[in-house]
Amino acid sequence: MKSFQIKSFEEYQEKYTLSVSNPDQFWGEIAENFKWQKKWDKVLEWNFSEPKIEWFKGAKLNITENLLDVHLEKNANKKAIIWEPNIPSDEAVVYTYKDLYHKVCEFSNALKSIGIKKGDRVCIYLPMIPELAIAVLACARVGAIHSVIFAGFSASALADRVNDAEATLVITADGMSRGAKLIPLKSVVDEALENCFSIKNTIVFPCIKSEISMKENRDLWWNDVLSGQSNECPAELMDSEDMLFILYTSGSTGKPKGVVHTCGGYMVYTAYSFQNVYQYQPEDVYWCTADIGWITGHSYILYGPLLSGATSIMFEGIPTYPDAGRFWQIVEKYKVNQFLTAPTAIRSLMGYGEKYVNNYNLASLKVIGTVGEPINAEAWHWYHEHVGKGNCPVVDNWWQTETGGIMISGLGNLSPLKPTFAGYPLPGIQPVLLDQEGKEIQEHDVEGYLCVKAPWPSMLRTTYGDHERCRLTYFSHYDGYYFTGDGAKRDEDGMYRIIGRIDDVINVSGHRFGTAEIENAINENDLIIESAVVGYPHPVKGQSIYAFVVCEHAYENADDARKSILNTVTKEIGKIALPEKIQFVSGLPKTRSGKIMRRILRKIAEGDTTNLGDTSTLLDPLVVDEIVKNAI
Ligand code: WT7
């Protein structure tokens, strides 16, 4: 492994101190481990007020040279990606570093042949198949900016993202296989593209070999664009601060924003954090169960592991198909050493009982990770005891799409373990807790708003096409700090535990939605006059969505109205955003100035109606009684 892999907790403490006292030296030394075509003039230049953040300024590189070319000399035949299909099979689909290199080069040439060049935006709407990895890396190789869109999003959500990025190409498949179902993708793309005028082409991979329609002069088959392409392709020379990718994520406003990551800093931080948090060793097999449609898949299936020359498993399927032992069967099959999944998956599998875990040999596991949402004590202990057999450290990775990489987490077996705590920050990361007034809380055993007070290499640089929005969302709440939107506790040992979002963001099964985004979707339904959406605790999903809806004629035909709302949300965002509960109300609790009092709705959704706080400022306090009475 690279020389930046920390080997003990004492070394962690030393490195942490250095990273704060001399960040330029700290990050400069780490960056020396990579292949740069030209070295940087300056490690870091920044101000949070614009914001302007530049890492390794003046340096030139291509990230794919660092995750493919550099491994060819010594590790050409090492497994880079092991692909496990949705339907279990005895065979393993393996791409060595050499195979992957050639596949990526071939597809890079295919992209060039249809005119894709540096700076173009390419949307990727694919299932978890190797072609997804190849497409992402080929974009990076030719300098095109990839925007991966999770294949569960609807046509309307896809169109919004294509249009926001003014993408010229969509890479997709005919459809996908997920659990026992076949799901169409190309027809969704067709519908989306009716409203997208920047798109010149699509490239379609025949994944399930289903009948689809291909539009002449626009739609190209994967195999046709590849045919005759050379499997060597020089990597485009990129500036350290050139955009690498856009990834859309939800915030407290209605419109998802395109978080932008750049080449140099993202490369350095994803490799650094991967090797330290997972303590990966050269012979290990690592598996992260996330989807590449989310940031976890970008940073910890593809970039971090491949930059480290690791063997990374990519899984097409779901945890419960053909049965709830699927994850453990794969762990046994490939003798997985490091395993990373989400609390929602752990809770769901916990519900099926231990017999599925106990059916398989999990002795290969060394480190097990959790990511995406706060993990409750019961799930933590179940994971530690039944999956880790009591002797694997559980690393709880706290981070965000915007942070690009893991910020607070244990490092393999080096750090002290504390159930439900993410723990200490990685060296280079300076979290702080702020109080209501925005003052730093210095003491321990406190709670506050989680912010970060200095830049780190993989932080977002902007929100695509709207820099002011980036400033307002992340850098304007507290002057001089990056604002995470999370509340956190720091205990007497200085360890952090993330409590959850303090803004209007709901985390459903590790997927992030803005309440306004779901309200906008619901309001697209003609029957709807008004709606308010809140999150409430859910035993498996972490949070679930509760919609309070003012609807014409709802009382006459509530079932139809409910169905119609669910259809609208499916159409606007996708099934992943469906409200679990819909309550029809005659009005919403509003202040005299017209602001919806979400605090009250949140309490009602949580089932805690004994103390609704002060309702005297409401325009019509009586609506609250009615909502409480009919609460679901
Ligand atoms: C939000 C970011 C990080 C990649 C996947 C989600 C919550 C994330 C944890 C954790 C408690 C967590 C936060 C954060 N979150 N990881 N280990 N413990 N909460 O990325 O979609 O950008 O969501 O997820 O609330 O702000 P994302």
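# Reading the ligand site and its surroundings

Guide: Let's start at the ligand: a polar side-chain atom of R501 sits 2.8 Å from one of the ligand's oxygen atoms. Taken alone, the ligand exposes 540 Å², and the protein buries 96% of that.

Visitor: What should I know about the model and its numbering before going on?

Guide: This is a predicted model, in which local features need pLDDT of at least 70 and side-chain atom pairs count only at pLDDT 80 or more, while totals for chains, interfaces and linings use all residues. Residues are numbered from 1 along each chain as its sequence is written, and side-chain values use heavy atoms, with hydrogens and water left out.

Visitor: How do I read a polar contact?

Guide: A polar contact is a pair of N or O atoms within 3.5 Å; within protein, one must be able to donate a hydrogen and the other to accept it, and residues adjacent in sequence count only if both atoms are side-chain atoms. Here, an N or O atom in the side chain of Q400 is 2.8 Å from an oxygen atom of the ligand. From the backbone, an N or O atom of P374 lies 3.4 Å from a ligand nitrogen atom. As for the area I quoted, accessible areas come from the Shrake-Rupley method with a 1.4 Å probe; for residues, only the protein chains shown count as cover.

Visitor: How many residues surround the ligand, and which are the closest?

Guide: A residue counts as near a molecule or strand if one of its heavy atoms lies within 4 Å of it. There are 17 residues around this ligand, the closest being D396, N397, T401, D486 and R512. By type, the shell holds six nonpolar, six polar and five charged residues. Nonpolar covers Ala, Val, Leu, Ile, Met, Phe, Trp, Tyr, Cys and Pro; charged covers Asp, Glu, Lys and Arg; the others, Gly among them, are polar.

Visitor: Which helices and strands each supply at least two residues of that shell?

Guide: Helices (H or I, at least four residues) and strands (E, at least two) are DSSP runs, numbered from the N terminus. In this model, α10 (295-307), β20 (394-397) and β25 (496-501) each supply at least two shell residues.

Visitor: Is T370 buried or exposed?

Guide: Buried means under 20% relative accessible area, exposed over 50%, and partly exposed in between (1.4 Å probe, protein chains only). T370 counts as buried because its relative accessibility is 0%. This residue belongs to strand β19 (residues 367-371). Contact means heavy atoms within 4.5 Å. Leaving out residues up to four places away in sequence, T370 touches ten residues you can pick out in the viewer: L340, T341, P343, I346, I375, Y383, V394, V395, D396 and N397.

Visitor: Why is helix α12 described as largely enclosed?

Guide: Seven of the eight residues of α12 (residues 343-350) are buried, so the rest of the structure largely encloses this helix. The buried ones are P343, T344, A345, I346, R347, L349 and M350. Their packing partners are α11 (326-334), β18 (338-341), β19, α14 (377-387) and β29 (542-551).

Visitor: What does a partly exposed residue look like by comparison?

Guide: Try V94, in strand β5 (residues 93-96). V94 counts as partly exposed because its relative accessibility is 30%. Apart from residues up to four places away in sequence, V94 touches K79, I81, I82 and D99. The C-alpha atoms of V94 and W83 are 6.2 Å apart, with their positions eleven residues apart along the chain.

Visitor: Where are the cis peptide bonds you would point out?

Guide: One runs from E50 to P51, with omega near -10°, and P51 lies in the loop between β1 (42-47) and β2 (52-57). Another runs from Y321 to P322, with omega near -5°; P322 is in the loop between β17 (311-315) and α11.

Visitor: Which residues other than glycine have a positive phi?

Guide: Two examples are K335, with phi near 50°, and T420, with phi near 70°. K335 is in the loop between α11 and β18 and is exposed, at 57% relative accessible area. T420 is in the loop between β20 and β21 (431-434) and counts as buried, at 12%.

Visitor: What does the domain assignment give?

Guide: Domain bounds come from an automatic or database domain assignment. For this chain, the assignment gives domain 1 (9-424) and domain 2 (509-629). The contact takes 23 residues from domain 1 and 20 residues from domain 2. Their C-alpha centres lie 34 Å apart.
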